Amino acid sequence: MAPLSAAPEPDLSNQPKLRPVRDGLGFFGRFLKNPTSVGAVLPSSRWLARALVGSLDHIRPGELVVEYGPGTGPATEVVRQRLPQGTRYLGIELEPRFRDLLARRFPTMTFHQGSAGDVQRILADRDLPRPARIISGLPFASLPPAVQDAVVDGLVWAMRDSDCDFRTFQYAHAYGLKAARRFRALMNERFAHFERIGPIVRNVPPAFVLRYRGVRGG
Ligand SMILES: C[S@@+](CC[C@H](N)C(=O)[O-])C[C@H]1O[C@@H](n2cnc3c(N)ncnc32)[C@H](O)[C@@H]1O
């Protein structure tokens, strides 16, 4: 697969601190209740969140950034800081409690409670365009095949005939798991361009960021 060129990273020296301890406690509780769909014991660090979001400088007014599985919002905070004026954002989060927390924490941003696999219907219901960027915190290494398939089909719909870039992460220790390999094989079948960034070793646990672009045959 052809590599993607690396985008320049903006200066984040003014980024306010996230609240890792408080987030971590609530996040761990949700993990205990729904280990498969939450898929992690801790929210992502700011280092992983920055690498995952990348540059958003090219997003034009009216264009849409979609985030799958924002959780408690570490990547959402980076999106909030980097999103150019006049652009739009929608977070799609399965857990109602996370959705409510996100709505309180980011009052100027919009969150939908539901599954990322339903992206086509969700965007149509909200009269939103296909996204210019999709960022994902979904735990593909623990998601069942039917959910993986729905998410990948949704991505193909969302990214066909466009420059939209999809970015997700996988933990290094889970990279070789069957479900993680299944997801990457599906994505490699459907997308022409792939890049792996990292591992981001300052994240606990270390993780790779994966980028995909260019629907095959589209
Ligand atoms: C590994 S956590 C990542 C949370 C956050 N993005 C971070 O980096 O800390 C996975 C998140 O995906 C959400 N999730 C799982 N399956 C989902 C689905 N089908 N649609 C939307 N969100 C989903 C979980 O509820 C959880 O918030």
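Colleague: Which residue in β4 is the bridge partner of V66?
Modeller: This is a predicted model, in which local features need pLDDT of at least 70 and side-chain atom pairs count only at pLDDT 80 or more, while totals for chains, interfaces and linings use all residues. Residues are numbered from 1 along each chain as its sequence is written. Strand β1 (residues 64-68) and strand β4 run parallel and are joined by 4 bridges; strands (E, at least two residues) and helices (H or I, at least four) are DSSP runs numbered from the N terminus, and two strands pair if DSSP finds at least two bridges between them. Within that pairing, the β4 partner of V66 is I134.

Colleague: Which residue in β5 does R133 stand opposite?
Modeller: The strands β4 and β5 (residues 165-171) run parallel, with 3 bridges joining them. In that pairing, the residue in β5 that stands opposite R133 is D165.

Colleague: What is the handedness of the β-α-β crossover from β4 to β5?
Modeller: R133 of β4 stands opposite D165 in β5, and the chain crosses between these strands through helix α7 (residues 145-159). A crossover is called right-handed if, with the strands pointing away from the viewer, the path from the first strand over the helix to the second runs clockwise. By that criterion, this β-α-β crossover is right-handed.

Colleague: Are the residues of β4 that point either way from the strand buried or exposed?
Modeller: R133 and I135 point one way from β4 (residues 133-136), whereas I134 and S136 point the other way. A residue is buried if 20 or more other C-beta atoms, placed from the backbone, lie within 10 Å of its own, exposed if 12 or fewer do, and partly exposed in between. On this count, R133, I134, I135 and S136 are all buried.

Colleague: Which residue is the bridge partner of D165 in β7?
Modeller: β5 and β7 (207-215) run antiparallel and are joined by 7 bridges. D165, which stands opposite R133 of β4, has as its bridge partner in β7 the residue R213.

Colleague: How many residues does the hairpin that joins β6 to β7 pass through?
Modeller: β6 (191-200) and β7 run antiparallel with 7 bridges between them, and the β7 partner of F191 is V215. The hairpin that joins these two strands passes through a number of residues equal to 6.

Colleague: How many of the 8 residues of α3 are buried?
Modeller: Helix α3 (residues 46-53) is mostly covered, and its buried residues are L48, A49, R50, A51, L52 and V53. What covers them includes α4, β4, β5, β6 and β7. Of the 8 residues in α3, the number buried is 6.

Colleague: Why is E189 classed as exposed?
Modeller: E189 lies in helix α8 (residues 178-190), and its C-alpha atom is separated by 7.7 Å from that of R216, 27 residues apart along the chain. E189 is exposed because the number of other C-beta atoms within 10 Å is 9.

Colleague: How many residues of the shell around the ligand are charged?
Modeller: A residue is near the ligand if its C-beta atom, placed from the backbone, lies within 6 Å of it; of the 24 residues around the ligand, P43, S44, G69, G71 and G137 come nearest. α2 (35-38), α4 (74-82) and β2 (88-93) each supply at least two residues of this shell. Ala, Val, Leu, Ile, Met, Phe, Trp, Tyr, Cys and Pro count as nonpolar, Asp, Glu, Lys and Arg as charged, and the others, Gly among them, as polar. The shell holds 14 nonpolar and 8 polar residues, and the charged ones number 2.

Technical notes. Contact = placed C-beta atoms within 7 Å.
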